[in-house]
Amino acid sequence: MTTTLVVLGGTQRLRRADRELLVLAGGLGGTHAVVPGAPGQELLDALAAHGTAAVHVPAGEPDDRLTTPLTALTEAAARACAADAVLLSATPEATDVAARLGVRLEAGVVTDVVALDAQLTATKQVLAGGWTTRCRARGGVLVATVRPHAVELPDPAPPAGEPAGRPALRRHELTDGAPAARIVGRDPLPPTGRPSPAEARVVVAGGRGTGGDFGPLEELADVLGAAIGASRAAVDAGWIGPEAQIGQTGLTVSPQLYVSCGISGALQQRAGMQTAKVVVAVNKDPQAPVFEIADLGVVGDLRTVLPQAAAHLRRLRS
Ligand SMILES: Cc1cc2nc3c(=O)[nH]c(=O)nc-3n(C[C@H](O)[C@H](O)[C@H](O)COP(=O)(O)OP(=O)(O)OC[C@H]3O[C@@H](n4cnc5c(N)ncnc54)[C@H](O)[C@@H]3O)c2cc1C
């Protein structure tokens with residue numbers, strides 16, 4: 001039976017991205033989980049509901065969020081449970097951990113996976129999204145980072161079926177996890193009240209066509225509970241922070257719905273969003289390339305279309 005080790009992002013409760021990894025792992029065989037600190041009861045209950053056999057934690061509390069201690073913990077856990085696959089949610093930190101694990105475990109590493117089958121064949125997109133490839137580790141362990149929203153979650157969120165017994169707790173002494181660097185300060189971004197584009201179910205993204213006014217996008221995003229994203233042109237113009245950039249040199253997102261507003265749909269932008277389940281494009285140029293990948297296209301001025309859409313949605317909801 002395949003044993004899959006899932007690396008969780010937090011210690012107290014499951015994030016959506018964690019649940020997706022657990023659902024993916026559950027379809028492959030037995031599941032173990034790595035928790036980067038002392039796990040809370042809510043988290044342990046949720047892991048039990050997912051049928052997790054064991055939870056691997058550090059013997060002490062890691063003193064920061066650098067990737068070296070998490071790599072050491074995950075390596076120890078992977079060896080202890082003889083993992084066939086290690087799954088992480090595709091974030092910059094997880095990609096760093098995956099690369100280090102690849103060396104330590106002599107594993108095959110595949111990043112930005114959107115599907116994984118029972119033979120551990122991973123599907124991913126390459127060359128700015130122009131090609132879909134299927135790859136498999138040549139022997140040994142597969143280490144894969146999985147894009148958020150790549151996995152459908154069962155409804156309601158916890159998996160169906162009888163909850164299994166409590167997962168066994170395995171503590172690992174980390175002998176070589178001492179980081180060569182230390183985090184000396186953190187400046188959190190001011191809260192926006194919106195989800196991050198990487199994890200949101202709905203992303204409303206704006207480009208040069210906004211002319212720098214993201215007001216109509218924010219109005220629509222508020223109705224949809226959406227994150228705000230942007231093209232590189234909008235970021236380069238200084239209209240929005242780089243954390244919102246989606247594309248080849250920004251975030252890759254796979255939301256349920258991506259509303260592209262005033263974005264032409266260049267290859268480098270598509271690379272970050274074309275695995276969205278549904279793409280709606282608003283652009284005043286009917287020849288804009290974004291319409292080639294849009295499920296629904298609206299030819300019009302976003303300053304007119306978006307407020308109308310927001311007002312209509314508000315009416316439907318009230
Ligand atoms: C190595 C490299 C990496 C890159 N990485 C990225 C990346 O990560 N992400 C990214 O996005 N780009 C990236 N780019 C840039 C990319 O090639 C495009 O230049 C960029 O995506 C264009 O942004 P845009 O669509 O907002 O602007 P434009 O291409 O200028 O398009 C603006 C669009 O808005 C429409 N429009 C104008 N006014 C309105 C209005 N009032 N209402 C509705 N529509 C309107 C226009 O018809 C047009 O289609 C990269 C480029 C390179 C070379």
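User: Where in this predicted model does the ligand sit, by rank of pocket?
Analyst: The model is predicted, and the ligand is placed in one of its pockets. Ranked by size, the space that the ligand takes up is the second largest pocket.

User: Which elements give two or more residues to the shell around the ligand?
Analyst: An element is listed if it gives at least two residues to this shell. Those that do are α6 (232-236), α7 (267-270) and α8 (302-317).

User: Which class has 14 residues in the shell around the ligand?
Analyst: The shell is sorted into three classes. Nonpolar residues number 5 and charged residues number 6. The class with 14 residues is polar.

User: Which residue has a polar side-chain atom 3.1 Å from a nitrogen atom of the ligand?
Analyst: Polar contacts are pairs of N or O atoms within 3.5 Å. Leu302 has a polar backbone atom 2.9 Å from a nitrogen atom of the ligand, and Gly262 has a polar backbone atom 3.0 Å from a ligand oxygen atom. The residue that uses a side-chain atom, at 3.1 Å from a nitrogen atom, is Asp301.

User: How much of the ligand's accessible area does the protein cover?
Analyst: On its own, the ligand has 980 Å² of accessible area. The share of this area that the protein covers is 76%.

User: What pLDDT does the chain average?
Analyst: Of the residues, 94% score at least 70. The average pLDDT over the chain is 91.

Terms used: Residues are numbered from 1 along each chain as its sequence is written. This is a predicted model: local features need pLDDT of at least 70, side-chain atom pairs count only at pLDDT 80 or more; totals for chains, interfaces and linings use all residues. Side-chain values use heavy atoms; hydrogens and water are left out. A polar contact is a pair of N or O atoms within 3.5 Å; within protein, one must be able to donate a hydrogen and the other to accept it, and residues adjacent in sequence count only if both atoms are side-chain atoms. Accessible areas come from the Shrake-Rupley method with a 1.4 Å probe; for residues, only the protein chains shown count as cover. On a 1 Å grid over the protein atoms alone, a cavity is a set of points where a 1.4 Å probe fits but cannot get out, and a pocket is an open set with protein on both sides within 12 Å along at least five of seven lines; lining residues have an atom within 4 Å of a point. A molecule sits in a cavity or pocket if more than half of its atoms lie within 2 Å of its grid points. Helices (H or I, at least four residues) and strands (E, at least two) are DSSP runs, numbered from the N terminus. Ala, Val, Leu, Ile, Met, Phe, Trp, Tyr, Cys and Pro count as nonpolar, Asp, Glu, Lys and Arg as charged, and the others, Gly among them, as polar. pLDDT is the predictor's confidence in each residue, from 0 to 100.
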